[in-house]
Amino acid sequence: MTDCMIEICGLTKMYKSKTAVRNADLKIYRGEIVGIIGRNGAGKSTLLKMIGGLVYPTSGELHFFNRAAAGEQSFFERMGVLIENPGLYPNVSAYENLNLLAMAYGLGDRNAAIEKLLQLVGLDSKNTAKVKSYSMGMRQRLGIAVALLGSPDVLILDEPINGLDPQGIVEIRQLILELNTAGLTILISSHILEELSKIATKYVIIHQGEFIEVLSREELQQRCEERIELGVEEARAALPVLERELNITKYKVVDSRTVYVYDENIHIRQIVKVLSEQGIMIDSIAKHKQSLEQYFLERTESAGERHD
Amino acid sequence: MINLLKMDLHRFGRNRMMYLLLLLFCAFQIFGIFMMKKYEQPVEGAIPVSRLTESEFIQYNISQPPSWMLIYIAVFTIYFYMSEFNSGFHKNYISMRNARLHSVCSKLIILAIFVAMMFLTMLIADGAGRRLFFDHTALGDLATLITLLIGQFLLHWAFSILILCIAMIAKNLLISLSAGFILALNVIGMVLAALEAQLTGIHLSKYLLINTLVRVKDFNSTADIVHTFGVAAAAILLFGILAVRYKLKEDLN
């Protein structure tokens, strides 16, 4: 994962006086699944559209494979894009939609490529029903098939599981993971954070057009992990006691007075007991557990307060 | 470019609206000839409509507002562009190299084909209608007819490109259709010509696209040929470049 595929430097998009995305910086490496998290209107779609070449940035730079994308349209050819609603002709079949696009790409064996893709997303290539009669889930699958036509290196999916039933969500998730295993780098935005947490390897939290946090899956897991937050007079004095008396090995020293204990088998009263016995003063102690949603809300609320 | 054109041609060939418009145009053209026969009134010193050659008949028809051919062209242009734009299908291929430029060029070629088909339909309908109701199918001087057809084809194609520009910029079916109807009725051209006559005495409005299109031309006069082809070429270039430039800079939201 050392291959930097996309680098965003100070990317900004303004619509008249409204700033949709402000000064965004991000590096995306080969094989990553980057989850973009943000409220409605946070700037997720605009960011993905800029990366996909649909919208021009007002300022900032996009680099693909360490080369500036400006003036190099060929880089955008390597992206498969599904942003907002799938772009499909409603009055023709799934096959015909793909056939039209395959013509535009100049694909040789169109029939084989289309049948393979439809099979991959779980749609029947013999189905002649018009797309307008498709369910939301079928449209989303077809949208993914459209994005995959032309064998892109990067797949950009904006809310791909919107409106899907639980079965559909599981199937799309599996498909995304399969595509990632096959080597695709994926950028995905979603409101369904728990679902995103099952696939993304990197998270970007965006709020009012600004990136407020970029963190890896491990970092997020650590932040959302159950822990005991311990405030003491002197962490240096407390640690040997905790290690010796309670065999605590999973902990993190946040600062000179704060320690996070990640050991699930330890109870607050045990810590209070051993530290009191050793005469170490406890300032505060509390159990802390956050879901991804809570974490996201906390981060966006604090960012909102900063803006206000 | 060729690939995008292939895609657009495939869509064009399967476009029911195109066939419907051609059929309607053909039917109304024949019906129009029937009505001309029924209500024909001889004017002293003028050749009756039923005795006009095909060249003269075409000029007579086009100069009668509203130009139905322009209305059909406007409807098709807007429908063909907006059906792709509203479905969002263009977003699937727009990231391809030079796709924005090629997409507009491909649309321009499709519009040229449609306009050519309209003229072909008109010739067939005129031939059938004049045969049936006038019992007169004389084409007149062939060179004049060909010059007229090429000149009118270019002017009508330029009009379709103008409508394409409007549809691209307005991004709205109703606004584009309204603008198309207003232009086809030549409201703007007539108002400008009237203002010009009242205020300045200069006659620049005759070089406007629709004014040139509806004006009865004498193709034996070099000045008229230069005027027709000059206006058509300038309009095709101007609106073509405008359409391409707009698409190149457009944010596809």
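Of the 308 residues of chain A, 39% are classed as buried. This value, like those that follow, was computed from a predicted model. Chain A contains ten helices and 14 strands, and its C-alpha trace extends over about 80 × 40 × 35 Å along the principal axes. Among the contacts in chain A that link residues at least 6 apart in sequence, 71% connect residues at least 24 apart. The domain assignment divides chain A into domain 1, covering residues 4-221, and domain 2, covering residues 226-288. A distance of 45 Å separates the C-alpha centres of domain 1 and domain 2 of chain A.

Within chain A, four strands form an open sheet in the order β2-β1-β4-β5, and their pairing is antiparallel. The edges of this sheet are occupied by β2 (18-29) and β5 (67-68) of chain A; each has a single partner strand, so one side of each lacks a neighbour in the sheet. Strands β1 (residues 4-15) and β4 (residues 59-64) of chain A run antiparallel and are joined by five bridges. At the level of individual residues, A:Glu7 has A:His63 in β4(A) as its bridge partner. In general, the strands of a sheet pair through backbone hydrogen bonds, in either a parallel or an antiparallel manner.

The interface between the chains involves 24 residues of chain A in contact with 21 residues of chain B. On the side of chain A that touches chain B, the elements contributing two or more residues are β6 (79-82) and α2 (94-105) of chain A. The largest share of that side, five residues, is supplied by α2(A). Sorted by class, the side of chain A that touches chain B comprises 16 nonpolar, seven polar and one charged residues.

Turning to the partner chain, chain B has eleven helices and zero strands. From the N terminus on, the elements of chain B therefore follow the pattern α-α-α-α-α-α-α-α-α-α-α. The radius of gyration of chain B is 19 Å, close to the 18 Å given by the globule rule for 253 residues, so chain B is as compact as a globular protein of that length. Along the principal axes, the C-alpha atoms of chain B fill a box of roughly 65 × 45 × 35 Å. Of the 253 residues of chain B, 39% are buried. For contacts in chain B between residues at least 6 apart in sequence, the share joining residues at least 24 apart is 80%.

Helix α11 of chain B comprises 28 residues (residues 222-249), which at 1.5 Å a residue should span 40 Å; the end C-alpha atoms of this helix are 40 Å apart, in agreement with that expectation. The buried residues of α11(B) are B:Thr228, B:Val231, B:Ala232, B:Ala235, B:Ile236, B:Phe239, B:Ala243 and B:Lys247. As a general property, an α-helix has 3.6 residues a turn, so residues three or four places apart point the same way. The packing partners of the buried residues of α11(B) are α6 (99-134), α7 (142-170) and α10 (209-214) of chain B.

Helix α7 of chain B also contains B:Leu148. With 21 other C-beta atoms within 10 Å, B:Leu148 is buried, because the threshold for this class is 20 or more. Leaving aside neighbours within four places in sequence, B:Leu148 is in contact with B:Ser55, B:Ile58, B:Gln59 and B:Phe219. The C-alpha atoms of B:Leu148 and B:Asn211 are separated by 16 Å, and these residues lie 63 residues apart along the chain.

A further helix of chain B, α9 (residues 187-199), includes B:Glu196. The 13 residues of α9(B) reach 18 Å from the first C-alpha to the last, close to the 18 Å expected at 1.5 Å a residue. B:Glu196 has 15 other C-beta atoms within 10 Å and is partly exposed, because this count lies between the limit of 12 or fewer for exposed residues and that of 20 or more for buried ones. When residues up to four places away in sequence are not counted, B:Glu196 touches B:Ile202, B:His203, B:Leu204 and B:Ser205. Just after α9(B), B:Gly201 adopts a positive phi of about 85°.

How values were computed: Residues are numbered from 1 along each chain as its sequence is written. Chains are lettered from A and ligands numbered from 1 in the order in which they are written. This is a predicted model: local features need pLDDT of at least 70, side-chain atom pairs count only at pLDDT 80 or more; totals for chains, interfaces and linings use all residues. The expected span of a helix is 1.5 Å times one less than its number of residues. Two residues are in contact if their C-beta atoms, placed from the backbone, lie within 7 Å. Ala, Val, Leu, Ile, Met, Phe, Trp, Tyr, Cys and Pro count as nonpolar, Asp, Glu, Lys and Arg as charged, and the others, Gly among them, as polar. Domain bounds come from an automatic or database domain assignment. Two strands pair if DSSP finds at least two bridges between them. The radius of gyration is taken over C-alpha atoms; the globule rule is 2.2 Å times the number of residues to the power 0.38.
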